[in-house]
Amino acid sequence: MNGLFEFLAGFAIALLAIVIAIYVAQAIFLNKFNKLVYGKGTALAWIPGGNVYLLGKLAINKIVGWILFACWVSTIEFTSTINGVETKASILPESISNIVSPIYSLAVIIIFIYAIIKYRNMKNNNTQSTQQPNQQMMSQQPIQEMPNQQMMPGQPMQQMPNQQMMPGQPMQQMPNQQMMPGQ
C-alpha cells in the first residue's frame, strides 16, 4: 500500500510539473506573439482567462477573444463542501456545460495551432524584410549619374540635375561613361 501511495504522489507531482511547463510555454509564446504584432509584451499572457482572450485576439480578432473568454468563464465549475455535503456550481447548467466544455477545449486547441502558424508566417516575413533593407532602399532612391564619369566599386553615384530613374528601369549610361565589373 505504501508503494502505491508513493507512485501516485510521484505521478501527481510529475503531472503538475507538466501542466506548469505547458502553462509557462503558452504564456511565453503569447507574450512573444504580442511583441511581434504590437511591439511590446503584455501581462495578459500570464493571467488565467486573460491568456485565452489574448489567444483569440492575436490569432483572429478581439471578438473571438471575447467569445473565448466568455466560454472560459461559463465552463468554470466551483465545488464546495459544507457539513460533509459536496456541492458543484457553474454558470451553465450541467447538461449544457457537458456539451460546451469539450467544444470549447477543441476550439482553443485549433486556434492555438492556427496562432502558431500565423506567428511563424509573420516572423518569417519580418525576417525576410529585415534581410533585404538595402535592396528596398536602393529601389526607392533614384540613381542619377553625371556624363564622362567612371564608376568605381564602393563609390556612391553622383547626381545629375533633372535625371531620375524609376525602380524597375534599367540604368542608362551617358556617353563616354565606363562601368566597372560587379555593378
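How many helices and strands make up the secondary structure of the chain? In this predicted model, the chain comes to five helices and four strands. Read from the N terminus, the elements follow the order α-α-α-β-β-α-α-β-β. The chain has 183 residues, of which 20% count as buried.

The path begins with helix α1, which covers residues 2-38. Its 37 residues should span 54 Å at 1.5 Å a residue, and its end C-alpha atoms are indeed 54 Å apart, so expectation and model agree. The buried residues in α1 include Gln26, Ala27 and Phe29, and Leu30, Asn31, Phe33 and Asn34 are also buried. Just after this helix, Gly39 takes a positive phi of about 85 degrees.

Helix α2 follows, at residues 50-59. The axes of α1 and α2 lie 10 Å apart, and the two helices pack at an angle of about 40 degrees. That angle makes α1 oblique to α2, because angles between 35 and 65 degrees fall outside the parallel and perpendicular classes. The crossing of these two helices, α1 and α2, is left-handed.

Helix α3, at residues 62-74, stands in another relation to α2. The axes of α2 and α3 come within 6 Å and cross at roughly 150 degrees. Since angles over 145 degrees count as roughly antiparallel, α2 is roughly antiparallel to α3. Here α2 passes α3 in a right-handed crossing.

An aromatic pair also joins these two helices. The ring centres of Tyr53 and Trp66 are 4.8 Å apart and their planes stand at 45 degrees, so the pair is tilted. Tyr53 belongs to α2 and Trp66 to α3, so the pair ties together parts of the chain that are 13 residues apart in sequence. Are the two partners buried or exposed? Tyr53 has 11% relative accessibility and therefore counts as buried, whereas Trp66, with a relative accessible area of 53%, is exposed.

Helix α3 itself has 13 residues and reaches 18 Å from its first C-alpha to its last, close to the 18 Å expected at 1.5 Å a residue. At its start, a side-chain oxygen of Asn61 reaches to within 3.2 Å of the backbone nitrogen of Ile63. The buried residues of α3 are Val64, Gly65, Leu68 and Ser74. Ser74 has a relative accessibility of 13%, which is why it counts as buried, and its side chain reaches the backbone oxygen of Cys71 at 2.9 Å.

Beyond α3 come the strands β1 (77-82) and β2 (85-90), and Asn83 lies in the loop between them. Most residues other than glycine have a negative phi. Asn83, although not a glycine, has a positive phi of about 55 degrees. With 79% relative accessibility, Asn83 counts as exposed.

The chain then enters helix α4, residues 94-131. Which aromatic pair links this helix to α1? Phe29 in α1 and Tyr119 in α4, 90 residues apart, form a pair that links distant parts of the chain. Their ring centres are 5.3 Å apart with the planes at 75 degrees, so the pair is edge-to-face. Phe29, at 13% relative accessibility, counts as buried, and Tyr119, at 12%, counts as buried as well.

This pair belongs to a wider arrangement: ring pairs link Phe29, Phe33, Phe112 and Tyr119 into a cluster. In the whole structure, a search finds eight aromatic pairs. Within the cluster, Phe29 and Phe33 are both listed among the buried residues of α1.

Further along α4, Asn126 gives another approach between remote parts of the sequence. The C-alpha atoms of Asn126 and Leu36 are separated by 9.0 Å, although the two residues are 90 residues apart along the chain. Asn126 has 38% relative accessibility and so counts as partly exposed.

Conventions: Residues are numbered from 1 along each chain as its sequence is written. This is a predicted model: local features need pLDDT of at least 70, side-chain atom pairs count only at pLDDT 80 or more; totals for chains, interfaces and linings use all residues. Side-chain values use heavy atoms; hydrogens and water are left out. Rings of Phe, Tyr and Trp (its six-membered ring) pair if their centres lie within 6.5 Å; planes under 30 degrees apart count as stacked, over 60 as edge-to-face and the rest as tilted. Buried means under 20% relative accessible area, exposed over 50%, partly exposed in between (1.4 Å probe, protein chains only). The expected span of a helix is 1.5 Å times one less than its number of residues. A polar contact is a pair of N or O atoms within 3.5 Å; within protein, one must be able to donate a hydrogen and the other to accept it, and residues adjacent in sequence count only if both atoms are side-chain atoms. Axes are lines fitted to C-alpha atoms, for helices over the stretch in contact, and angles run from 0 to 180 degrees between N-to-C directions. Angles under 35 degrees count as roughly parallel, over 145 as roughly antiparallel, 65 to 115 as roughly perpendicular and the rest as oblique. A crossing is left-handed if the near helix is turned anticlockwise from the far one by less than a right angle, and right-handed if clockwise.
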